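Here's a quick briefing to read with the model open beside you. We'll start with the overall make-up, then go through the packing and the empty spaces.

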Amino acid sequence: MGADPAWLTGLRRWLDAALLHEARRLAAGYRHTPDELHRHFVSDAQVEALLRERNPDAPTETALGLLRERAADLATGVTGGPSPLAELAGAYRLSAAETLVLATVLAPETETSYRRVFGYLNDDLARPLPTIDVLLRLVPGAEVLLDRTSALFASRLLETFPAPGAAHWRAAGLTVAEPVRAHLLSPHAGRDLVGNGVGGTPAEVPGVAPVVEAVRAGVVRAVVVRGATAGESLPAARCFARALGRELVSWHTAGSGSFSDAVTTARLEHAVLYVDVVDARACDESELRWALSQPVVVAVGARAASGTVLPDGVAHVELSVPWSPRSPGTAGRGVLSSVRRPPSVQLVEATYAWDDLVLPEASMRRLRELSAAVEHRDRVLDDWAFRRLSGGSGALRALLTGVSGTGKTMSAAVVAAELGLPLWKVDLSAVVSKYIGETEKNLEEVFAAVEGSRAILMFDEADALFGKRSEISDAHDRYANIEVAYLLQRIESFDGVLLLATNLPGNLDTAFARRIQFEIEFPMPDETARLRLWHRALPPEAPRTADIDVERLAAAFALSGGEIRTVALGAAFLAAYEDRPIAMDHLLRAVARQRRRAGKLPTLKEFGDSLSLVHGEAS
Ligand SMILES: Nc1ncnc2c1ncn2[C@@H]1O[C@H](COP(=O)(O)OP(=O)(O)OP(=O)(O)O)[C@@H](O)[C@H]1O
Ligand SMILES: [Mg+2]
């Protein structure tokens, strides 16, 4: 290996001498007594031969000390110029002794013959890795460095193999973490571990500059970008990386390396690590915390670390807009940009107020309670610290039940408008995918975006997603592969207002039903309610004849609010087409059309003597 860099050669000279010294000490003391029955066998002579190649003269104690000093200087870059090892030592602030320990553990990776030597020193060729015990003998003063809580292990540069029990700590074999090996022995190849650098021009994200300054000044060690969606936190992460003059690398659950390895690689490569919200959720909370203890700029989408108290030195950039314009305590929050709405979500326009709603008293009361709960959510949960009691979750979940056209969406819009929050309605057909895992990914995007935007999230046909598994599996086969566990966990951790609307309340899976705090019923309107609906359905501005008898319409036709609205609109178009004011016959004909559309024939009971009028009415 003539092409070996100086640091490696210098290290080996010391290491060989140190190993030889130790091997001889063992042989002289008869502590090493390999016998014929031993399956694997290396003789003293073989070890001598392996180790004396670089040091033909048997090292004296003094010579050994000098070699060690020279090796340490090379390893830490004091002499010999910059090297990957010296860079690493600098980045992790390793002492000379720590660097030597690391280099020694790396040795079997650089030359396989070291495996035999370590096997020999361990008196077991099946254990060819340097053990803590051996290292303590090779590197003076290594005791504290090899404590299980020491920096080399805490920063995950070294790994023990196999994971030892407390009693066998000294016997544990050591390896360097894979990204460390890759970085030292094939620089820049390690980047593959976390995927390619995410390229592109960063959009200027306002508010990033002060955080960049803080990172540069060393005040801030790690940064969590809590965005809403990948579409939002990614540009911010790019912006950070560019402003810091660093590469951006990303980590995916689907990729080959572990999250821990990705953090190490980012740190070694001096890159910014970006973790998408979906992937961040897949990481352990403790892993995230560990990552944030490292001086790595980690950008995670959404509230991946929500609930986590960020350690000192970790900046937090919130990309979200405040919860509610009225809620206190949100004024200081850095709003970097507003949240992009995923394409599978529709914004429901707020065109109604409380007065437009025609509902039974009980339903109205429940709606107002829901609205009040949303409004005071931050105060009760955060200022009054009730969040802890609710398991950390700030979710408000309501179930709106009633047949089509009874005002579920309308009521949601009224609540949202009153609170000044947007109402986002999920388009199930755009979210649900037949591909495994894809639906969860789409839903995750929606949930994360909503958490960032503080919108109220509504699912229509909630039973399709949240229904009893057995009952939907045949009817809605394409929903069958959705992870119930994912949905349960997600609506549990969802930090917002979730409205589930359904026509079939009994169909809701009990696991979901138990998590509902508000159940609001939307019954078919009775005659009195229908009369009010008819009055509201015909605007005062619309020209109308005196023969319109809304009492009769309310009494005769058991229509929903939605149907009444459709009928009134249909009648208005008929009248406009005939260039007449809206008259009773327009309304009756529109009802008949509505009936036919619903698959019902106009009956004498409903239409009375007007039946002939609507007889030929097409749907
Ligand atoms: N309770 C009601 N009070 C006043 N207007 C109503 C009421 N119910 C329905 N309407 C009218 O009917 C329209 C449609 O109602 P809405 O979309 O809210 O029904 P829905 O229960 O969401 O139906 P679906 O289950 O089909 O989604 C409303 O925009 C409103 O004009
Ligand atoms: Mg609706």
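What share of the contacts in the protein with a separation of 6 or more comes from residues 24 or more positions apart? It's 73%. Keep in mind that this is a predicted model. The chain runs to 619 residues, and buried ones make up 50% of them. In terms of secondary structure, you'll find 29 helices and 13 strands.

**Nonpolar cores**

- The largest nonpolar core has 58 residues, and the members that touch the most others are Trp14, Leu19, Leu88, Val101, Leu146 and Leu158.
- Helix α1, spanning residues 6-28, puts in the largest share of this core, with 11 residues.
- For a look at one of those well-connected members, try Leu158: leaving out residues up to four places away in sequence, it touches Val101, Leu102, Val105, Leu146, Leu152, Phe153, Leu174, Thr175 and Val176.
- Two of the partners of Leu158, Val101 and Leu146, are themselves on the list of residues that touch the most other core members.
- There's also a second, separate core of 30 residues, with Val431, Leu443, Ala449 and Val450 among them.

**The largest pocket**

- Its volume comes to about 870 Å³.
- The lining counts 37 residues, and those closest to the pocket centre are Tyr352, Met410, Leu533, Gly561 and Arg565.
- Three elements give two or more residues to this lining: α17 (408-419), α24 (527-537) and α26 (561-578).
- Of the elements, α26 gives the most, with 8 residues.
- Domain 3 (345-521) and domain 4 (527-614) each contribute at least three residues to the lining of the largest pocket.
- By residue type, the lining of the largest pocket splits into 22 nonpolar, 9 polar and 6 charged.

**Cavities**

- The structure has 2 cavities of 30 Å³ or more.
- The second largest cavity holds about 70 Å³ of space.
- Its walls are made by Trp7, Leu8, Leu11, Arg12, Leu15, Ala103, Leu106, Ala107, Thr110 and Tyr114.
- Both α1 and α5 (96-110) supply at least two of the residues lining the second largest cavity, with α1 giving the most, at 5 residues.
- The make-up of the second largest cavity's lining is 8 nonpolar, 1 polar and 1 charged.
- So α1 turns up twice in this briefing: it supplies the largest share of the largest nonpolar core, and it gives the most to the lining of the second largest cavity.

Technical notes: Residues are numbered from 1 along each chain as its sequence is written. Chains are lettered from A and ligands numbered from 1 in the order in which they are written. This is a predicted model: local features need pLDDT of at least 70, side-chain atom pairs count only at pLDDT 80 or more; totals for chains, interfaces and linings use all residues. Side-chain values use heavy atoms; hydrogens and water are left out. On a 1 Å grid over the protein atoms alone, a cavity is a set of points where a 1.4 Å probe fits but cannot get out, and a pocket is an open set with protein on both sides within 12 Å along at least five of seven lines; lining residues have an atom within 4 Å of a point. Grid points are joined across faces, edges and corners, and a volume is the space filled by probe spheres set on the points. Helices (H or I, at least four residues) and strands (E, at least two) are DSSP runs, numbered from the N terminus. Ala, Val, Leu, Ile, Met, Phe, Trp, Tyr, Cys and Pro count as nonpolar, Asp, Glu, Lys and Arg as charged, and the others, Gly among them, as polar. Domain bounds come from an automatic or database domain assignment. A nonpolar core is a set of buried Ala, Val, Leu, Ile, Met, Phe, Trp, Tyr and Cys residues joined through side-chain atoms within 4.5 Å. Buried means under 20% relative accessible area, exposed over 50%, partly exposed in between (1.4 Å probe, protein chains only). Contact means heavy atoms within 4.5 Å.
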